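Trainee: I should be grateful for a close look at a single part of this structure, set in the context of the whole chain. Please take one buried position and work outward from there.

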Amino acid sequence: MKAWILAIGLILTPAALSAQEALPEAPVVNPAAASELEAADVPAAVEAPASGLDPALYTPMKPTPGIGMPVDGGIDFQEQFSETGQTAHWINNVILVPMMVGVSLLVLFLLFWVVFRFRRKANPEPSKTTHNTFIEIIWTVIPVLILVVIAVPSISLLAEQFEPAPEDALTVKVTGYQWYWGYSYPDNGDFEVISNMLSVEEAAARGEPHQLAADNRMVIPVGKPVKLLITAADVIHSFAIPSAWFKLDAVPGRINEKVLQIDREGVYYGQCSELCGARHGFMPITVEVLSEEKFNNWVRANGGTVKGEAEEPVVTETAANDATSETAPADAAAATN
């Protein structure tokens, strides 16, 4: 049997080699062209059309330099425009930073003092003391007090960030896709806005920072709580707006809820903050905060309905014919009398 298998193998080997030689060579692809094709394939199916919104109803607001965006040479958090953000900024600057500086200087002083005071020349016969009750009490109590001072405002801030939205709050559903964002407004006719990053030229033409500007923005009213329902369609993303102290993961198959309230009109930028794939760095977040009147006009411009606004009754042809047939006998009787 082995001899037969070996013989068949020897017979088939030349045919396999000739077939392999006859195979065409793999095409050589230009890496630049391949990257362009890849970039074109990803957003092609999700490319949002030009807004084409009625300029009488809505015109995109121009951003204010340094507001709602990072600044060159900045060493602090971005200026905060939400209540929770202002509280967190205060905790950082008034409690945490002074405490970190104080502890660091104290440890540095103790280090130099030990090096100088207990050097071999100044202390030829080292002490054999192994315990000091007073010092042990101090270095136990002081860290506990530090942790209490940090914990009290931090826990309060954490609870404040996850307070449920009021019943009359506007609801916006945020969906993360690879690699763009979608904003749905279920309270306003359930229309969806697809948001893609602007190119360098488009961002410059609109006076917006590149890699932060988007073609279509998420628009919300100023000074009012907005209930964000955040999810994802494919992988984990993270919806983050630094100047509003807002960040929440978008997880497929799960809806996370958090309240966003920004107390000043303007344009606020963020980015996906969870590594989500090849174009993770190219799915910015742009939030435009408008007065309630301008927000309602933006909703109408997108074909939505204003929450709480009475809708005009729709009269069908059947209902109109029924109404005509009911009023006809009455009109005839009135004419006879």
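**A buried arginine and its surroundings**

Mentor: Of the contacts in the protein chain with a separation of 6 or more, 65% are between residues 24 or more positions apart. The model is a predicted one, and its secondary structure comes to 7 helices and 10 strands. The protein chain has 337 residues, of which 31% are buried. Its accessible surface comes to about 21,900 Å², with 62% belonging to carbon and sulfur atoms.

The part I have chosen is Arg217. This residue is found in the loop between helix H5 (200-205) and strand S4 (218-221). Its relative accessibility is 4%, and Arg217 therefore counts as buried, the cut-off being under 20%.

What does Arg217 touch, once its neighbours within four places in sequence are left aside? The contacts include Tyr58, Pro60, Met61 and Pro63. Tyr183, Val193, Arg206 and Glu208 are also in contact with Arg217, as are Val267, Thr286, Glu288 and Trp298. For one of these partners a backbone distance can be given: Tyr183 is 34 residues from Arg217 along the chain, and their C-alpha atoms are separated by 8.6 Å.

Two polar contacts of the Arg217 side chain deserve attention. A polar atom of this side chain lies 2.8 Å from the backbone oxygen of Met61. The side chain of Glu208 makes a polar contact with that of Arg217, at 3.0 Å.

Glu208 leads on to helix H5, through Ala203. Ala203 lies in H5 and has 1% relative accessibility, so it counts as buried. Beyond the residues up to four places away in sequence, Ala203 touches Leu198, Glu208, Pro209, His210 and Ala213. Glu208 is thus a contact of Ala203 and also of Arg217. Ala203 and Ala214 are 11 residues apart in sequence, and their C-alpha atoms are 8.2 Å apart in space.

Trp298, another contact of Arg217, leads to the nonpolar core. The largest such core has 40 residues, and Trp298 is listed with Met218, Leu228 and Phe239 as having the most contacts inside it. In soluble globular proteins, nonpolar side chains tend to be buried together. Leu228 touches Val172, Val174, Met218, Phe239 and Phe246, among others. Its contacts also include Asn256, Glu257, Lys258 and Leu260.

On the helix side, Asn297 has its place in H6 (residues 292-301). Asn297 counts as buried because its relative accessibility is 18%, against the cut-off of under 20%. Its side chain is joined to that of Arg300 by a polar contact of 3.0 Å.

Strand S8 (256-260) connects this picture to helix H4, since the buried residues of H4 pack against S8 and helix H3 (83-117). Pro153, Leu157 and Gln161 are buried in H4. The N-terminal end of H4 is capped by Asn132, a side-chain oxygen of which lies 3.2 Å from the backbone nitrogen of Phe134. H4 has 29 residues (133-161), so at 1.5 Å a residue it should span 42 Å, and this agrees with the 42 Å between its end C-alpha atoms. H4 nonetheless bends by about 25° at Ala151, and Pro153 follows within four residues.

Note on methods:
Residues are numbered from 1 along each chain as its sequence is written. This is a predicted model: local features need pLDDT of at least 70, side-chain atom pairs count only at pLDDT 80 or more; totals for chains, interfaces and linings use all residues. Side-chain values use heavy atoms; hydrogens and water are left out. A nonpolar core is a set of buried Ala, Val, Leu, Ile, Met, Phe, Trp, Tyr and Cys residues joined through side-chain atoms within 4.5 Å. Buried means under 20% relative accessible area, exposed over 50%, partly exposed in between (1.4 Å probe, protein chains only). Contact means heavy atoms within 4.5 Å. Helices (H or I, at least four residues) and strands (E, at least two) are DSSP runs, numbered from the N terminus. The expected span of a helix is 1.5 Å times one less than its number of residues. The bend at a residue is the angle between axes fitted to the seven residues ending there and the seven starting there. A polar contact is a pair of N or O atoms within 3.5 Å; within protein, one must be able to donate a hydrogen and the other to accept it, and residues adjacent in sequence count only if both atoms are side-chain atoms. Accessible areas come from the Shrake-Rupley method with a 1.4 Å probe; for residues, only the protein chains shown count as cover.
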